[in-house]
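Student: Got a minute to go through this model with me? I'd like to start with the symmetry and then move on to the contacts.

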2 protein chains.
Amino acid sequence: MSAEAEGAGGQEPLSRERVLRRALALADADGIEALSMRKLARELGAGAMSLYHHVRDKEALLDGIVDLVFAEIALPEAQAEWQAAVRAWALSARAVLARHPWAIGLMESRTASGPATLQHREAMMAVLRRAGFPIRRAIHANWLLDSYLYGFALQEASLPFAGAEDFAGMTEAVFLPQLSATEYPCLTEAATALLQEGYDPAAEFAYGLDLILDALERDRRST
Amino acid sequence: MSAEAEGAGGQEPLSRERVLRRALALADADGIEALSMRKLARELGAGAMSLYHHVRDKEALLDGIVDLVFAEIALPEAQAEWQAAVRAWALSARAVLARHPWAIGLMESRTASGPATLQHREAMMAVLRRAGFPIRRAIHANWLLDSYLYGFALQEASLPFAGAEDFAGMTEAVFLPQLSATEYPCLTEAATALLQEGYDPAAEFAYGLDLILDALERDRRST
DNA sequence: CGCTTTGCCGTACGCTGTACGGAATGTCAA
DNA sequence: TTGACATTCCGTACAGCGTACGGCAAAGCG
């Protein structure tokens with residue numbers, strides 16, 4: 001019984017919020033490409049065309065659920081030390097994007113940012129400015145951090161396995177056999193190394209994040 | 001007259017390569033969502049179902065053109081100094097992904113990497129290993145660099161303007177007016193700053209890239 | 001000659017997003 | 001009370017999608 005079970009007959013009236021939330025749940029459950037207006041309406045116990053009274057387009061619906069995802073990310077705390085604030089924000093954001101992998105690829109085509117997205121960018125810039133980054137450096141830092149976050153999430157989403165246990169099985173059973181060791185020596189070396197000590201996306205993310213934070217701190221001090 | 005103009009009657013026989021190349025051209029011209037099997041076949045002067053003799057699926061076709069895009073990226077030179085090699089590779093990759101922005105979002109759902117993709121990963125690892133990165137650090141470095149690259153390309157693709165001249169117009173006409181200065185003070189500050197000195201994605205990318213390369217070099221020496 | 005293989009494609013099925021027009025319901029003025 | 005109107009809902013229809021299926025023509029081969 002995920003959410004409410006309302007197979008036939010939507011007693012509660014439709015609303016933009018209800019539509020968006022249900023769409024988000026559907027995307028999480030079956031993937032973004034399985035989200036259709038008809039299916040969403042059926043899930044809500046409504047006719048397909050009824051949705052269009054609460055959402056202009058399917059595009060607008062996608063914009064809406066992407067902004068819902070961004071709203072799940074913890075805002076950076078303004079009064080905290082900047083590296084700690086940024087670190088907490090980034091870790092939260094990675095976890096959220098790992099929960100909703102379809103959201104990352106959606107950003108590419110979506111040019112209009114919703115209120116939650118804007119709020120995050122604003123809070124991020126505020127933290128950096130308060131920490132002493134000059135405007136231009138703050139912009140650079142913002143781009144760098146966002147790029148790392150989105151890129152990492154994108155790569156993580158495109159991994160063909162879900163957890164660490166899947167990884168071991170997949171690597172041994174699929175990757176290594178089809179990876180010619182003579183053609184790709186370094187890749188097989190990397191795969192076997194990862195196989196031995198396991199692979200944790202969160203730890204991998206933290207490693208790069210700390211490298212970046214150090215580099216930014218050095219950048220900040222050199223003004 | 002982009003490519004050949006063969007409106008009616010495909011004289012040359014179909015082939016996997018011809019199909020993929022035409023699909024790539026179509027995606028570049030009209031965006032990935034406008035690429036349909038029927039339209040592609042029409043463009044090639046063939047029936048829709050003929051394509052399926054050279055490509056298993058539409059999925060396989062997308063896999064194919066993504067790998068074509070990767071093949072456009074310059075491989076890192078093995079004998080060069082590692083920072084220079086990585087830098088050249090990254091700059092080339094960003095330019096290529098900016099030319100084919102649809103390819104970035106496509107990676108997310110595509111789990112099977114083609115030969116060109118594998119070749120790049122292999123060459124990258126080889127450069128890092130030869131430079132003295134221990135296996136584990138090389139893997140970290142690879143993830144970090146790929147993440148930055150993909151994330152930056154993703155953000156660049158989602159910008160609502162194409163060139164620097166568009167940027168000035170868009171910012172002044174659309175962003176700043178709709179950006180409440182009291183609600184988003186830091187963002188408006190950033191927008192006006194960028195408006196004054198212009199905005200160049202390639203320079204922005206290079207800035208973060210050099211920060212990362214410095215950090216990785218420090219990481220490498222601390223072994 | 002017959003036979004199989006190969007490349008091609010016409011048709012059809014079930015799906016998609018959504019334009020359009022009509023029906024039901026709630027709200028307010030006269 | 002009655003009429004007018006706005007809001008919400010939805011049934012139908014249309015163009016387009018990916019592709020399963022079966023048929024057609026030419027080529028290669030005994």
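Tutor: Sure, we'll go through symmetry, the chain contact, one helix pair and the DNA.

Student: Anything to know before we start?

Tutor: It's a predicted model: local features need pLDDT of at least 70, side-chain atom pairs count only at pLDDT 80 or more, and totals for chains, interfaces and linings use all residues. Residues are numbered from 1 along each chain as its sequence is written, while chains are lettered from A and ligands numbered from 1 in the order in which they are written.

Student: What rotation superposes chain A on chain B?

Tutor: A rotation of 180°, with 0.0 Å of shift along its axis and an RMSD of 0.1 Å. That's the relation of a two-fold axis. The fit is least squares on C-alpha atoms of residues with pLDDT of at least 70 in both copies.

Student: Which residue of chain A comes closest to the rotation axis?

Tutor: Gly151(A), with its C-alpha at 1.8 Å.

Student: OK, how many residues does the contact take from each chain?

Tutor: 47 from chain A and 47 from chain B, where contact means C-beta atoms, placed from the backbone, within 7 Å. On the chain A side, α7(A) gives the most, with 16 residues. Helices here are DSSP runs (H or I, at least four residues), numbered from the N terminus.

Student: And by class?

Tutor: That side of chain A has 27 nonpolar, nine polar and 11 charged residues. Nonpolar is Ala, Val, Leu, Ile, Met, Phe, Trp, Tyr, Cys and Pro; charged is Asp, Glu, Lys and Arg; the others, Gly among them, are polar.

Student: Why do the copies meet through the same surface?

Tutor: Because 100% of the interface residues of chain A are also interface residues in chain B.

Student: At what angle do α7 of chain A and α9 of chain B pack?

Tutor: About 105°, with their axes 10 Å apart. So they're roughly perpendicular, a label for 65 to 115 degrees. Axes are lines fitted to C-alpha atoms over the stretch in contact, and angles run from 0 to 180 degrees between N-to-C directions. Ile135(A), Arg136(A) and Ile139(A) meet Glu189(B), Ala190(B), Ala193(B) and Leu194(B) there.

Student: Switching to DNA: how many residues surround strand C?

Tutor: 15, and the closest are Ser36(A), Lys58(A), Ala46(B), Gly47(B) and Met49(B). Near means a C-beta atom, placed from the backbone, within 6 Å. Helix α2 (residues 37-43) of chain A gives the most to that surface, three residues.

Student: Which residues are closest to strand D?

Tutor: Ala46(A), Gly47(A), Met49(A), Ser36(B) and Lys58(B).

Key
Helix = DSSP H or I, 4+ residues; strand = E, 2+ residues; numbered from the N terminus. Contact = placed C-beta atoms within 7 Å. Parallel < 35°, antiparallel > 145°, perpendicular 65-115°, else oblique.
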